[in-house]
Structure formats: structure tokens, C-alpha cells
Amino acid sequence: MRLQMLRMVSVLALALVVVYSSVAALYGLYSTAPHEYTISASQLAQALERGDAPLAQSYPADAIHFSSALRQRLNSGEVVGLDAGDGQILFYHRSGNSVLEIGPFPHEPAHSVTQWRLLFIGAMLVVLLLLIWPMFSDLSRLQNQAIRFSKKPFYIPEQLGRRSPIFPLAETFRRMANIVTGHFQMNQDLARTIAHEIRMPLARIKFQQALSASGPEKDSESAQVIDRATRDIEQLVEKYLGFAQVEVHEQFLARKSIELETFFADLGSHLEHQCPALKIAYYFPDEQAWLEPDSLTIAIQNLVVNATKYARDRVDIRFEFDGEQGFCSLAVEDNGPGLGGDALELTDAFTRSATDGQGYGLGLYIVKKVMMWHEGELRLDQSPSLGGTRATLRWPNRA
């Protein structure tokens, strides 16, 4: 914001100089008043010391032709100074029927005019700066609030006075920000409440199942249905909690430089327990990359879990650098049948494929949100090597 203010002051200063110079030039062009010349005592003393030319000469009044305005001034007894060219000034004074010519004297232009111009322009710039500084100060505070709010929503108190020129803008932003914060907080509270209320009866069901596990109905069809439904509800709760944590981000996720070998080692330990039936291969360079490890791990886990529904037995995870454009690219590929024509719609919340009877429509949405935090994007297409689906995460390789 300070840079914008300096630019505006510079433009105003340039405009002020141009306007002042134009007015002064027009005044000098169209002004009919004769120029006034004066000499100092030092100039007169120097001319007397030189003595190389007569200092004063007398001419008949009719021998020199003056304009009517100058003749009137001479007749009234004034001393008139005229520019003789080559920086020389001649002075004329009428005495009876003769005109006395005094000079020539060297003309020394006065510097006071330029000094007064600079003083005037400087004073106007100070006045302009005092006038616009409060507005830019308020804009800077509003900008800082907007940046902080984009990182983490919070309630914004009324800070600008009603006399501020940007008060309507600041007040509108404050009200909208508080409404958004209220919705985020309500969504977060609702997610926690629902998760808590579902987990309590779910825990009682699992406890009852454990008690009846040794009974004669442990292998019955109804017991298997209840056990499968219990696992589905647990997965739904975990998915919804992950969805709520992504949708209402509690803290700003900042990218940092991470060793890829360390990142993929931790990721492999997580996926080994989640997807033991899959053969997962990792391909990555032995370098560092800018990423947020926790959220990116969640995104990759969601992609791999989605792949388990369709892949036959293999998933490849490839990490590459785009050196020319400075981007990171991470692809998760499987050897399943691939996605249909609804691939783009699957990244919306609570949207799932027509052939998916197990998912809840949150996995790809969470991946999309993580990429938004990384200032990147999610792409879905066909895997050229495995033939199934390829989900590509791409984001700038910088902090």
C-alpha cells in the first residue's frame, strides 16, 4: 500500500509541475506588461571600474523611437530598462528634450523565481500528502485485515471511524467477514456435534457385538450385516471429520521445504496399514520440494483409498519436477477400468460416481481443497502406463 501511495504522490507532483509550468509559459506568452529590469550597486561599480565604454550617452528625444506605452512612461519621468540582446541591458531616462541612455549592463537573471516555484510545488506536495495519508493508512489496515482473514477467519471489530473516507467499504467487509466466520464456526460445531452423537451409540453397538461374539449367533447373517454397517458408519464419521477439517481450516497451512525421501517413507507407513492388499510403487527424485506434508498426505491417502475400489492390484505414485515452470507434479495411477465421463463432477462435495456404491463423495473434494491451499490444481485422466485412472496434483514449487 505504501508503494501505491508513493506512485500516486509522484503522479500528482508531475502533474503539478506540468500545470505550473504551462500556466507560467502562457502568462509569459500572452502578458502585455513590459519586462522590468534593475541593476545592483555592484554592477554599477564594476561598469565604472572597467571604463571601456561611455556609461551614459544623450540623444534627442525624437531620435529614438519608442512605443506609445514606453514613451508615456519616459514622459512621466520613469527609468525604463530594455533588453539590448546578448545579455545586455540598456536604461533610458528623459531629461527635457533629450533621452539619456545608460549602459549597457550585463543582465543577471534572478533566481528567486525558480526558488519560489520549487517552494510552491513542495508546499503543495506536503498538503496533498497530508490529505491522502489518512486514506492510504486506513486502506493499509483494511488490506492487512483481509490478508489475515484469508489465512484464518476471525471476527473483525469495528476499527475505522465514521469520518474515514473508506468507512463504507471497511464496514461492508467487516460485516461480510463476520457472517462468513459465523457460518464457518457453525459448520465446525455441527461437524463435531454430529461426530460425537454418532460415535456414542456406535460405541455401544460395538460393545454389544463384542459381548455376543462368543454366542451362537456370531456367524449369523444378521450379525454380519450389523458388523458391516458398523464399519461403514465408522468410515463415514472419519470421512466427515476429515471433510469438516478441510472445509473449515483451523489454521493456515504453510508450505515448507521437505525431503522427498522422508515424506514418502512416512506416507508409505500410513498406506501400508490402510491398503494392505495393494502393491504400491513410489517414484521420486532424491531432492527437496515445497509442500505442506500433513494435508498432502491426507490428499494422497484419499486418492489411494479411492483407487482400492477399482484397481485390480497395483497403484503407482510418481513425483516429478517441472524445471522450466517451477512446478511439482504428483500422480496417483491405478490399473483399474478408469473413470467415465463424469470425472470432472467427482471433485465436488458429496458427489460420487454412478458405479460407486461404497463412497460418500468426499475424497476427491478434500484433495481439491488441499490443492487450492497449495495454489495448485487436481487433474483426472487416463493412466498411459497402467490403463486405469490417473489423478495428478500440480502446485508451484515455492514457499
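## Strand E11 and its partners

Let's start with a pair of strands: E9 (residues 327–334) runs antiparallel to E11, and the two are joined over 7 bridges. One contact to look for is Glu-333, whose bridge partner in E11 is Arg-390. Keep in mind as you explore that this is a predicted model.

E11 also pairs with strand E10 (residues 377–382), again in the antiparallel sense, this time over 6 bridges. Here Gln-382 has Thr-389 of E11 as its bridge partner. E10 and E11 make a hairpin with 6 residues between them. In the turn of this hairpin you will find Gly-387, which has a positive phi of about 90 degrees.

How many of the 8 residues of strand E11 are buried? The count is 7, so E11 (residues 389–396) is largely enclosed by the rest of the structure. While you look at the strands, here is a handy general point: in a regular strand, side chains alternate between the two faces of the sheet.

## Helix H9 and the loop after it

Now move to helix H9, which spans residues 363–373. This helix is mostly covered, with 8 of its 11 residues buried. Among the buried ones are Leu-364, Tyr-365, Ile-366 and Val-367, and the list also includes Lys-369.

The loop between H9 and E10 holds His-374. Is His-374 buried or exposed? Its relative accessible area is 1%, and because buried means under 20%, His-374 counts as buried. The C-alpha atom of His-374 is separated by 6.0 Å from that of Trp-395, although these two residues are 21 residues apart along the chain.

H9 is also followed by Glu-375, which has a positive phi near 60 degrees. Glu-375 forms a salt bridge with Arg-255, and their closest N and O atoms are 3.8 Å apart. Glu-375 sits in the loop between H9 and E10, while Arg-255 sits in the loop between helix H6 (221–247) and strand E5 (256–259), so the pair ties together parts that are 120 residues apart in sequence. Arg-255 is buried, with a relative accessible area of 11%.

## More salt bridges

How many salt bridges does a search of the whole structure find? There are 11. One of them takes us back to the hairpin strands: the side chains of Arg-390 and Asp-381 meet with an N to O distance of 2.8 Å. Arg-390 is partly exposed, at 22% relative accessible area, and Asp-381 is partly exposed too, at 32%.

Another salt bridge joins Arg-73 to Glu-78, with the closest N and O atoms 3.0 Å apart. Arg-73 is buried, with a relative accessible area of 13%, whereas Glu-78 is partly exposed at 34%. Salt bridges can also link up: Arg-314, Asp-316, Arg-318 and Glu-333 form a network of them. You have met Glu-333 already, as the bridge partner of Arg-390.

## A negative patch on the surface

Finally, let's visit the surface. Which residues form a negative surface patch? They are Glu-259, Glu-261, Asp-286 and Glu-287.

To find Asp-286, go to the loop between strand E6 (279–283) and strand E7 (288–291). Asp-286 has a relative accessibility of 61%, and because exposed means over 50%, Asp-286 counts as exposed.

How values were computed
Residues numbered from 1 in each chain as written. Predicted model: local features only at pLDDT ≥ 70, side-chain atom pairs only at ≥ 80, totals over all residues. Heavy atoms only, no water. Patch = residues over 30% accessible without salt bridge, like charges linked within 9 Å, V, L, I, M, F, W, Y side chains within 5 Å. Areas by Shrake-Rupley, 256 points an atom, 1.4 Å probe, with all protein chains shown as cover. Salt bridge = Lys/Arg side-chain N within 4 Å of Asp/Glu carboxyl O. Lys, Arg positive; Asp, Glu negative; His and termini not counted. Charge placed at Lys NZ, Arg CZ, Asp CG, Glu CD. Helix = DSSP H or I, 4+ residues; strand = E, 2+ residues; numbered from the N terminus. Buried < 20%, exposed > 50% of the residue type's maximum accessible area, 1.4 Å probe, protein only. Pairing = 2+ DSSP bridges.
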